[in-house]
Amino acid sequence: MTAPDAKAPNKNAVVARIAWLALILATLYVCYFSHLGAIGLVGPDEPRYAWIARDMAETGDWVTPRLYGRPWFEKPPLYYWGAAMCFKLFGVSEVAARLPSALSALLATLAVGWLAWRVYGAATARWLLLFLPTSVAMIGFSHAAATDMPFSAMLTIAMVCVAVVLDLPADESWAPGGQHPAALPNENGVAPRWPALILFGFFMGLAVLAKGPAGVILCGGVVFFWVLGTKRWRDALRLLHPAAIAAFCATALPWYILCGRRNPDFFRIFIIEHNVKRYLTPEFRHLQPFWFYIPVLLISVFPWAGMAISAVDYAIRRRFGMQLDSLTIYIFSWAWFPVIFFSVSKSKLPGYILPAIPAFVLLTALALANSLRAEKAPVPAGLAVIRVTPALAIAVVGATGFFQPWGRTAEFRWYGLQCLLLSSIATVAAVALRTRKRQGAAIVTGSAAWVCLLLLTTSGPLPWSDPWFSARPVASEVLRDPEMAAEVRTLGLQRSWQFGLDFYLQRELQEWDSSAPAGYVLASASGMQELNRHRIPFQVLDQRSFKATLIRVGNLQADRDRRQKAELPAPRPKETSGLVADTAGGQAQ
C-alpha cells in the first residue's frame, strides 16, 4: 500500500468524525435550545413556577417559595433558583423561564453519552447522542418551565456516577467482532473512585432539591434490583461511603433546614401532602389506569420506539451477543423501576417516568450499534422500523397540516406541503441508502429529517398557535391600556389560563362579581353564557384567545368616552362566531 493510500482511510475517518460532531451539535441545539420562546407559558405549572422564580429574583428571598405572596411548598427550589438566576441575567421571558430545563437536558445527555462511550464504545455513544435529544420526551420537557427535567437530569447524572462507583463493565463477550467495552475507572485502575463518590452525593442532593425524596427512592430501588440480579450487595454498600453522604448532606440539607425553621408547616405540607398523599391517595386527581405508562413510554421514546422494543427483546433473549452482564442488569433496572414504581402510584403524570427515558434510549443505541456491527446476522425488525418511522411521522404531520389545517390558513397549508416534501426526500434517501447496504446512513437521514421537522414546527405552527394555548397574546392586548390592566377581572377561566394571565399581568386577578358588574373581564365561553342568562350587557373586544375572551361589561358608552379622552387606541373588536354583542352596548345576542 502506498503512502497516499494509507492516508486515505485516516482522512475519511477524520471527515466522518467532523460530520458526526456537526450533526450531534446541531441536533442538541435544535432539540433543546431552538425557539424556547415560540409559545407563551402553558398549563397551570409553567406560569406558577415562573411566578415563584420571578418573586425570588425580585425579593431576594431564596429560601421560601412564594406564590401570590404566600408560601408554596409543592416543590423544592432547584428549578426556581435556576429560573430566578436566568431572569436576573437575561430578563423575565419565556426563554429564561425554560432555559434551566434545556441546560439540564443537555447535561443529562452528555453524561449518558459519556457512559455509553466509556463502556460500549464510540458507535453506541454517537447513536445515543443522536437518539436521546430527538426523543419526544426530551424535546417536550426540555422546553417546559417545570421541575421534571431538572429532577430527571440530576438523577440521571447521579445514576451515571453510581455506575462508576459500582465499577460496572459489560462482559467482554458483549460485542463479538467489535470493540470490547472497557471497565469504568476505579481505585485500582485509571482513576480513583473519590470523585465519583463526591459527584454522586452532590447530584443526588440536587435531585432531592429538585423534587424531594423521590430521587433517593428511585436510585435506591434501581440499586436494590441490581443487587437482586447480581448478588453484589457488598459493592452496593460503597454508595454509603462517608464522602458520598457528606456531599449529599452539604448539598441538600441546608435548604430543608432553613425552610423548615422559617416555615413550621413546611414538612407537613411538603412531605405528607405533596409526597406521601400524592403517591398513596387520589387526592390530587391524577387518576390513571395501571397500564397508563406503557403508551406514555412508547410516545416518549418516539420515533425510536420500534428499536427500543427490539432492544428489550434482544437483551432478554441474549441475541447479538448482548449478554445480561452486571451493567446491562443495572441499565434494565434503571429503565424499568421508575415505570413500575409510578404505575403503582395513585397519581400519574407523564413526566414522572422521565428519569427512565435515558436508560431506554441507551439500550436502543446499544442494540442498534450491535445490529449494525453484526453484518451476517438477519436484520432485526426494529432496525427496519427505525429507518421509516421518522419519514412516516413527518408525512402524517404534513398531511394533517395540508388537508385538515388548524384554522384553515395558507400558512398551515404551506407548512403541510413542506412536511410532505421533507418526508418524500427522506424516504427516497433512506431507500437509496438501504439498497447500497448503508444502514447507518439511512437512519442518520431519518434522524436529520426529524430534526428539520422540529425546526419547521417551532418556527411556524407553534408561534401561530400561541393564542390557542397560551394567555400571552391576550395579556399583551390588555397591557396596552394600563387602566384596563389594573381593573380587568376573570370569569369562568380554566386554571391554566387563570395562572397564565396572573403571571403576564403580574397580579392575582379577581373573579368577576355580579354585585359590581361594570368593567373589563377576561371570560370563557361558559362565562359569557352566564352573562347572557342574567341579561347583563357586554361587548367583545378581543377574541384571539379561544379560552379567554376580552369583553367590556356594563356601561360601554362610558368606556368609549374615557378612551377618547385618554387618546388611547381601543382594542380591535374581533368578529365573533358565537356570541355577538350589540354595537350600541346592549345585551349580547
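# A walk through the predicted model

Strands β5 and β6 form a hairpin, with 6 residues between them. This hairpin belongs to a predicted model, in which the two strands run antiparallel and are joined by 4 bridges, with F538 standing opposite V553 of β6. Strand β6 also has a second partner, since β4, made of residues 519–523, pairs with β6 in the antiparallel sense over 5 bridges, and in that pairing A523 stands opposite T549.

The surroundings of β6 can be read from its side chains. In a regular strand the side chains alternate between the two faces of the sheet. In β6, T549, I551 and V553 point one way while L550 and R552 point the other way, and all of them are buried. Because 5 of the 5 residues of β6 are buried, this strand is largely enclosed by the rest of the structure.

The loop between β5 and β6 leads on to the charged pairs of the model. Side chains of opposite charge can pair when their charged atoms come close. R544, which lies in that loop, has a side chain that meets the side chain of E477 in a salt bridge, at 2.9 Å from N to O. The pair links distant parts of the chain, for E477 belongs to helix α22 (residues 472–479) and the two residues are 67 residues apart. E477 is buried, with a relative accessible area of 4%, whereas R544 is partly exposed, with a value of 24%.

Another salt bridge joins D466 and R472, whose side chains meet at 2.7 Å from N to O. Here D466 is buried at 6% relative accessible area, and R472 counts as buried because its value of 18% falls under the 20% limit.

Elsewhere in the chain, the side chains of R98 and E46 meet in a salt bridge of 3.0 Å, again taken from N to O. This contact too links distant parts of the chain, with R98 in helix α4 (residues 94–120) and E46 in helix α2 (residues 45–59), 52 residues apart. R98 is buried at 2% relative accessibility, and E46 is buried with a relative accessible area of 5%. Beyond such pairs, a network of salt bridges links D45, R48, E74 and K75, and a search of the whole structure finds 18 salt bridges.

The surface offers a feature of another kind. W233, L237, L240 and I245 form a nonpolar patch there, and together they have about 420 Å² of accessible area. One of these residues, L237, lies in the loop between α10 (233–236) and α11 (242–262), where L237 is partly exposed with a relative accessible area of 47%.

It remains to ask how far the prediction can be trusted from place to place. The mean pLDDT of the protein is 83, and 80% of its residues reach 70 or more. Among the elements, helix α3 (residues 78–90) has the highest mean pLDDT, 97, and helix α26 (residues 556–566) the lowest, 56. In two stretches the values are low: over residues 170–181 pLDDT stays under 50, and the model has 33 contacts beyond four places in sequence for them, while over residues 187–191 pLDDT also stays under 50, with 5 such contacts. Where pLDDT is low, the predicted coordinates should not be read in detail.

Definitions and conventions
Residues numbered from 1 in each chain as written. Heavy atoms only, no water. Salt bridge = Lys/Arg side-chain N within 4 Å of Asp/Glu carboxyl O. Buried < 20%, exposed > 50% of the residue type's maximum accessible area, 1.4 Å probe, protein only. Pairing = 2+ DSSP bridges. Patch = residues over 30% accessible without salt bridge, like charges linked within 9 Å, V, L, I, M, F, W, Y side chains within 5 Å. Areas by Shrake-Rupley, 256 points an atom, 1.4 Å probe, with all protein chains shown as cover. pLDDT = per-residue confidence, 0-100. Contact = heavy atoms within 4.5 Å.
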